[in-house]
Amino acid sequence: MQYRKFKSIDKDVSLLGMGCMRLPQLEDGKVDEAEAIDIIRSAIDAGINYVDTAYTYHSGMSEKILGKALKDGYREKVLLADKMPIWIAKDEEHMKQIFNKQLERLDVDCIDMYLVHNVGVPIWKRCKKLNLMPFLEEMKAQGKIKHIGFSFHDKLEFFKEMIDEYPWEFCQIQLNFMDKNHQAGVEGLKYAAEKGLDVIIMEPLKGGRLTDFVPPTVQALWDSAESDKKPAEWAFKWLANKPEVTLMLSGMSSKAQLMENIATLSKEDVDVLTADEAELIDKVSDEYNRLIKYSCTGCQYCLPCAKKLDIPKIIGYYNDWNVYEQNPSTKAEYDTWIPPGRHASDCIGCKLCEEKCPQSIPIAQAMKDAADAFGQ
């Protein structure tokens, strides 16, 4: 496993971090607790020493399961990261209750890396209204938090304002070769690093979009490379080649994914990207941009929907409809798995989901497009 220095805490951290947003699930949709614990512990045994969760992941089960996984001496081997979902807090007292609930779920006395979750303009305004930062500083003084940072989903200009507004120790941004000019992007990465912040990367594989069901035209580009690499390795190499990146979080939902990613991030040349390889990745990015209509990562921040629509799933089907050149099997799956009353055509256009979407996707228009494509 490759390691890099987390400057603000003077500690070497694994270049690959374990994200607990996409834990393995059973057929009924519940988290497969035994498998999840095995994956988390296997990751730590292999040298991963940074684990990340959040209050909202898997409706709280992520924190509970991670807490169980960190028993038997595993807690001492990792940096534990969690986040404050300030948009859920009704008032200051509720905000404090949420924090204490996180400690209870994790069954710990201290969270190493604590982030303000999903920061954008509305979220930051609410942080100020509820006096979140003074509270976090108090928790740090009491030893319940060690380091304070934020995860970001908004425009570059606001990201720079956030960096300059508070003495953050680290930040977390979405970045991959598809999102190089999206949200904070590469420019934001460099800006944060220049300001002395450690930068953690989320969505390095864009929620699996860069590895699952690769479009034929994209695969043809990958196949044209002189070296034989899987799409995930190309994506990791693109990021590892940037010295400003401290570590990359990957939400690994199977042991196979874990082992493959560990193997990739353990290679001595994982951070080496030739000019020809960089050009190839740019071509792949251009091709994806040509094919994909709505760049959804499946984070589910848009949910719950007032009409109980599974927005990420519908957008996924619509993107597949475009990527796979209107393959009939896509419509067949849509008809099979999207239940009556919850089709794209049932969207009422309230746009409450758009206010919560980290990707700023025009969801109401996406639902209209999907309804037109699938006929319901």
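Biologist: At roughly what angle do the axes of helix α6 and helix α7 cross?
Modeller: This is a predicted model, in which local features need pLDDT of at least 70, side-chain atom pairs count only at pLDDT 80 or more, and totals for chains, interfaces and linings use all residues. Residues are numbered from 1 along each chain as its sequence is written, and side-chain values use heavy atoms, without hydrogens or water. Helix α6 covers residues 156-165 and helix α7 covers residues 185-194 (DSSP runs of H or I, at least four residues, numbered from the N terminus). Their axes come within 10 Å (lines fitted to C-alpha atoms over the stretch in contact, with N-to-C angles from 0 to 180 degrees), and they cross at roughly 10°.

Biologist: Thanks! How are α6 and α7 oriented to each other?
Modeller: Their axes cross at roughly 10°. Angles under 35 degrees count as roughly parallel, over 145 as roughly antiparallel, 65 to 115 as roughly perpendicular and the rest as oblique. The two helices, α6 and α7, are therefore roughly parallel.

Biologist: Which residues of α7 meet α6?
Modeller: On the α6 side, Leu 156, Phe 159, Lys 160, Ile 163 and Asp 164 take part, where contact means heavy atoms within 4.5 Å. Their partners in α7 are Glu 187, Gly 188, Tyr 191 and Ala 192.

Biologist: How many residues in the contact of α6 with α7 are nonpolar?
Modeller: Ala, Val, Leu, Ile, Met, Phe, Trp, Tyr, Cys and Pro count as nonpolar, Asp, Glu, Lys and Arg as charged, and the others, Gly among them, as polar. By class, this contact has one polar residue and three charged ones. The nonpolar residues number five.

Biologist: How do α12 and α15 lie to each other?
Modeller: Helix α12 spans residues 311-323, and helix α15 spans residues 363-374. Their axes are 10 Å apart, at an angle of about 55°. That is why α12 and α15 count as oblique.

Biologist: How many nonpolar residues does the contact of α12 with α15 hold?
Modeller: From α12 come Ile 311, Ile 314, Ile 315, Tyr 317, Tyr 318 and Trp 321. Helix α15 brings Ile 363, Ala 366, Met 367, Asp 369, Ala 370, Ala 373 and Phe 374. This contact has no polar residue and one charged residue. Its nonpolar residues number 12.

Biologist: Which peptide bond is cis, and in which loop is its proline?
Modeller: The bond runs from Leu 303 to Pro 304, and its omega is near 0°. As for Pro 304, its place is the loop between α11 and α12.

Biologist: What is the phi of Ser 59?
Modeller: Ser 59 sits in the loop between β4 (50-52; a DSSP run of E, at least two residues) and α2 (61-69). Although Ser 59 is not a glycine, its phi is positive, at about 55°.

Biologist: Which helix gives the largest share of the lining of the second largest pocket?
Modeller: Residues that line this pocket include Ser 224, Trp 234, Asp 276 and Leu 280. By class, the lining has three nonpolar, three polar and three charged residues. A pocket is an open set of points on a 1 Å grid over the protein atoms alone, where a 1.4 Å probe fits, with protein on both sides within 12 Å along at least five of seven lines; lining residues have an atom within 4 Å of a point. The largest share, three residues, comes from helix α11.
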